[in-house]
Amino acid sequence: MPRTTDGDGAPVPQRLLAAATRLFAEQGYDRTSVQEIVEAAGVTKGALYHYFGSKDDLLHEVYARVLRVQQERLDAFANADEPIEKRLRGAAADVVVTTIENLDDAMIFFRSMHHLSPEKNKQVRAERRRYHERFRALVEEGQREGVFSTATPADLVVDYHFGSVHHLSTWYRPDGPMAPQEVADHLADLLLRALRP
């Protein structure tokens, strides 16, 4: 059975994901071999297949791990005992920051999603839909309470914000003029301005 950790205590699945993320970002999913991933992670192919059934499973997990964190954080904002405007702004800014913090993962996913098997693709779409629906529910709550305008349908407002989030990997640079929180604040403010009655 493959070792769970290396000599430094790093779990093998994390090492595999880190190696795959770096290689997928540098070379592209389709140009990265399983052999390159296991060599970079310092493990055997048997270890990879023990933790991940395929390269497709690694690609899925690159995206799923970020989405899990974002879903947990969105749920915390949505369930907070705060005014709806504050909860939506927090959630809108948070998804920007967490996307920037995981920019390689986002870039890999949007560039390589079409490589997922139909089953994995369906699963990812369901996970994304759940996230977007929860976010949309915050917009709708504010619209029902009269805090946000109903002039623009909630679905369109959500698509507007996430269009910006999904394109971060095409233009944001860590060494650029804006820190992640600054970008997040600007985009969250744009969203709230679009919703003002």
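## Helix α7, end to end

Let's start with helix α7, which runs from residue 118 to residue 144. At 1.5 Å a residue, its 27 residues should span 39 Å, and the end C-alpha atoms are 37 Å apart, so the two values agree. Keep in mind as you look that this is a predicted model. After α7 comes G146, whose phi is positive, near 80°.

Which residues of α7 are buried? They are K120, N121, V124, R128, Y131, H132, F135, L138, V139, E141, G142 and Q143. As you follow them along the helix, a general rule helps: an α-helix has 3.6 residues a turn, so residues three or four places apart point the same way. The cover over the buried residues of α7 includes α4 (55–79), α5, α6 (103–112), α8 (154–166) and α10 (180–195).

## A closer look at E141

Is E141 buried or exposed? Its relative accessibility is 19%, and buried means under 20%, so E141 counts as buried. Setting aside neighbours within four places in sequence, E141 is in contact with I84 and R87.

## The nonpolar core

Now turn to the largest nonpolar core, which has 58 residues. The residues with the most contacts inside this core are L16, I37, L58, L88, V96, F135 and L168. Helix α5 (residues 84–101) gives the largest share of the core, with 9 residues. In soluble globular proteins, nonpolar side chains tend to be buried together.

L16 is a good residue to find in the structure. Not counting residues up to four places away in sequence, L16 touches I37, V38, A41, V43, A47, L48, Y51, F52 and L58.

## Helix α1 meets a distant stretch

Helix α1 covers residues 12–27, and A25 is found there. With 16% relative accessibility, A25 counts as buried because that value is under the 20% cut-off. What does A25 contact, leaving aside its neighbours within four places in sequence? The answer is D104, M107, I108 and R111.

Try picking out A25 and D105 as well: they are 80 residues apart along the chain, yet their C-alpha atoms are separated by 7.8 Å.

## An annotated span

Finally, an unreviewed UniProt entry carries the annotation "DNA-binding region" for residues 33–52. In the model, this span is 75% helix and 0% strand, and its end C-alpha atoms lie 14 Å apart.

Technical notes: Residues are numbered from 1 along each chain as its sequence is written. This is a predicted model: local features need pLDDT of at least 70, side-chain atom pairs count only at pLDDT 80 or more; totals for chains, interfaces and linings use all residues. Side-chain values use heavy atoms; hydrogens and water are left out. A nonpolar core is a set of buried Ala, Val, Leu, Ile, Met, Phe, Trp, Tyr and Cys residues joined through side-chain atoms within 4.5 Å. Buried means under 20% relative accessible area, exposed over 50%, partly exposed in between (1.4 Å probe, protein chains only). Helices (H or I, at least four residues) and strands (E, at least two) are DSSP runs, numbered from the N terminus. Contact means heavy atoms within 4.5 Å. UniProt positions are given in the numbering used here, feature names are shortened, and annotations may be inferred rather than shown by experiment. The expected span of a helix is 1.5 Å times one less than its number of residues.
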